Amino acid sequence: MRFKELEKCELCPRNCRINRYETTGFCNLRDKIKLSYYSLHMWEEPIISGENGSGTIFFSNCNLRCLFCQNKKISIDNYGKEISNKRFQEIILELQDKHAQNINLVTPTMYVPQIIYNINQIKDKIKIPIVYNTSSYENTNTIKLLDNTIDIYLADFKYFDNKLGEKYSNCTNYFEYASTCIDEMYKQVGKFEIKDNIMTKGLIVRVLILPGEIDDSMKIIYYLYSKYKDNIIISIMNQYTTLDKYNYDNLNRKLTEEVYSSVVNYAYDLGVRNCFIQEGDTQSDSFIPTFDISIL
Ligand code: SF4
């Protein structure tokens, strides 16, 4: 199978316009699907993980590459294994057979044509929702391709101020790209639906609070709530973990409980009710999966 979108790749805002059958661009990926791990995963929001776990498929590499990424081994260090389309289909069905609540595609942006093709090949066999788990540094035209393929969007909203995107993720116009693609996601899936405590369709937007940048997080929450009210779910995350020594002092600190509570209270006072908050010690590297290509 040959994918024309890869011949002049503009799948993400990096817009490398290179031929991925011949060379690589910013994401360092060729035309094949490359994975670093797959498993049943219990650490997503409870309506995603449920009792059985989310059928999580970790794609290799990343089109954003944040300085503080928790999954550097796969996002930056190129860890992973190329697999065939047939094997990718087998993995989806294997996770479903293991009673996964959904198929959770993590960092899928660079593989959208391959994902659509493979899901279409086994569409009749897939009985659980497909989740698209993204940094939201996306071209809206790429998200448009996913209409009727994705049931649930699990989208980060990382920065309100584009200067923070430049500083921490080396990207331009993050706000414009993220807000426009989230708009398209909402257009496709509409107000969220939950059945038996499991999400069946809709949009969850994750706001990870960075130490020292809480004003930015509050602006994101204000923006999301003004626009979508309680038709989407906002997930306010405190799990920022320092894994390295950074040149920015604020990134070398943990988020305090006090600061986290102030953002949660801000959201509540604003009127936000459909919201997830994190409790307990989530700021630990034990929450980072052990990637392993030997199972692929
Ligand atoms: S998916 Fe990769 S090659 Fe394509 S535009 Fe994005 S970074 Fe460049």
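Is asparagine 170 buried or exposed? Asparagine 170 counts as exposed, because its relative accessibility is 57%. Hi everyone, let me start there and work inwards. Please keep in mind throughout that this is a predicted model.

Asparagine 170 sits in the loop between helix 6, residues 162–169, and helix 7, residues 174–189. What I'd point out to you is its backbone: phi is positive, about 50°, although the residue is not a glycine. As a reminder, most residues other than glycine have a negative phi.

There is another asparagine to put beside it. Asparagine 148 has a phi near 75°, again a positive value in a residue other than glycine. You'll find asparagine 148 in the loop between helix 5 (140–145) and strand 6 (152–156). Its relative accessible area is 66%, so asparagine 148 is exposed.

One more loop residue, and then we go inside. Aspartate 77 is in the loop between helix 2 (72–75) and strand 3 (81–83). With a relative accessible area of 53%, aspartate 77 is exposed, because the cut-off for that class is over 50%. If you pick arginine 17 as a partner, 60 residues apart from aspartate 77 along the chain, the two C-alpha atoms are separated by 23 Å.

Now compare that with an arginine in a strand. Arginine 206 belongs to strand 8, residues 198–208. Arginine 206 counts as buried, because its relative accessibility is 9%. Its C-alpha atom is 6.1 Å from that of isoleucine 236, and those two residues are 30 apart along the chain. So what does arginine 206 contact, leaving aside neighbours within four places in sequence? The list includes three acidic residues by name, Glu44, Glu45 and Asp156, along with Asn133, Leu154, Ala155, Phe157, Ser235 and Met237.

On to the nonpolar interior. The largest nonpolar core has 75 residues, and Ile57, Phe88, Leu105, Phe157 and Leu224 have the most contacts inside it. Helix 8, residues 214–228, supplies the largest share of this core, with 8 residues. There is also a second, separate core of 10 residues, with Ile48, Val131, Ile152 and Phe276 among them.

Let's zoom in on leucine 224. Not counting residues up to four places away in sequence, leucine 224 touches Phe157, Val205, Val207, Lys229, Ile232 and Ile234.

Next, helix packing, with two pairs to look at. Helix 8 and helix 9, the latter being residues 257–270, have axes that come within 10 Å and cross at roughly 20°. That angle is under 35 degrees, so helix 8 and helix 9 are roughly parallel to each other. Their crossing is right-handed. From helix 8, the contact uses Ile214, Met218, Ile221, Tyr222 and Tyr225, and from helix 9 it uses Val259, Ser262, Val263, Tyr266, Ala267 and Leu270. By class, that makes 10 nonpolar residues, 1 polar and no charged.

The second pair is helix 3, residues 85–97, with helix 4, residues 112–121. Here the axes come within 10 Å and cross at roughly 65°, and the crossing is right-handed. Helix 3 contributes Asn85, Phe88, Gln89 and Ile92, while helix 4 contributes Ile115, Tyr117, Asn118, Ile119 and Gln121. How many of the residues in this contact are nonpolar, polar and charged? There are 5 nonpolar, 4 polar and no charged residues.

That's my tour, thanks for listening!

Conventions: Residues numbered from 1 in each chain as written. Predicted model: local features only at pLDDT ≥ 70, side-chain atom pairs only at ≥ 80, totals over all residues. Heavy atoms only, no water. Core = buried A, V, L, I, M, F, W, Y, C linked by side-chain atoms within 4.5 Å. Buried < 20%, exposed > 50% of the residue type's maximum accessible area, 1.4 Å probe, protein only. Helix = DSSP H or I, 4+ residues; strand = E, 2+ residues; numbered from the N terminus. Contact = heavy atoms within 4.5 Å. Axes fitted to C-alpha atoms, helices over the stretch in contact; angles between N-to-C directions. Parallel < 35°, antiparallel > 145°, perpendicular 65-115°, else oblique. Left-handed = near helix turned anticlockwise from the far one by under 90°. Nonpolar A, V, L, I, M, F, W, Y, C, P; charged D, E, K, R; others polar.
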